[in-house]
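User: I'm new to this one. Could you pick a single strand and take me through it slowly, along with whatever sits around it?

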Amino acid sequence: MIAADVLTQALTGTVVEVLPATGLADVADAQQVVWTLTRSTRCAEGLSLASLRSGQRLVLTLVSLGREQVVGHYALAAD
C-alpha cells in the first residue's frame with residue numbers, strides 16, 4: 001500500500017538485462033537512467049521477473065519519498 005503523501009510517477013523503459021539467478025533486472029528509460037527491479041518489486045498479474053526478456057518495454061511506476069525514487073510496480077507497455 002502506498003501512503004497518501006507519497007508521490008508516484010509513471011515512465012516507460014526497456015529491459016536491458018535480466019539476471020534471474022540473482023533476482024535482478026535492469027530497465028533503461030528514455031534518458032538512459034537505469035532502474036533496477038528485484039524479485040520483490042510488485043508487478044502486473046501474470047508477469048514476473050523470471051519472465052522478462054531483454055528488449056521488452058515496461059511501464060514503471062516510480063515511488064518518490066523526498067529525494068529518493070524507487071520502482072514500486074511494473075507492467076508490460078502497450079506498445
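Analyst: Let's start at a turn: β2 and β3 make a hairpin with 4 residues between them, and Gln-32 in that turn has a positive phi of about 65 degrees. Strands here are DSSP runs of E, at least two residues long, numbered from the N terminus. A word on the source: this is a predicted model, where local features need pLDDT of at least 70, side-chain atom pairs count only at pLDDT 80 or more, and totals for chains, interfaces and linings use all residues. Residues are numbered from 1 along each chain as its sequence is written, and side-chain values use heavy atoms, with hydrogens and water left out.

Back to β2 and β3: they pair in the antiparallel sense over 5 bridges (strands pair if DSSP finds at least two bridges between them). Within that pairing, Leu-24 stands opposite Thr-38 of β3.

β2 also pairs with β1 (residues 7-19), again antiparallel, over 6 bridges. Val-18 has Ala-25 in β2 as its bridge partner. These two strands form a hairpin as well, with 4 residues between them, and Gly-23 in the turn has a positive phi of about 75 degrees.

How many residues of β2 are buried? Strand β2 covers residues 24-29, and 5 of its 6 residues are buried, buried meaning under 20% relative accessible area, exposed over 50% and partly exposed in between (1.4 Å probe, protein chains only).

Just past β3, Thr-41 lies in the loop between β3 (34-38) and β4 (42-43). Thr-41 is buried too, at 11% relative accessible area.
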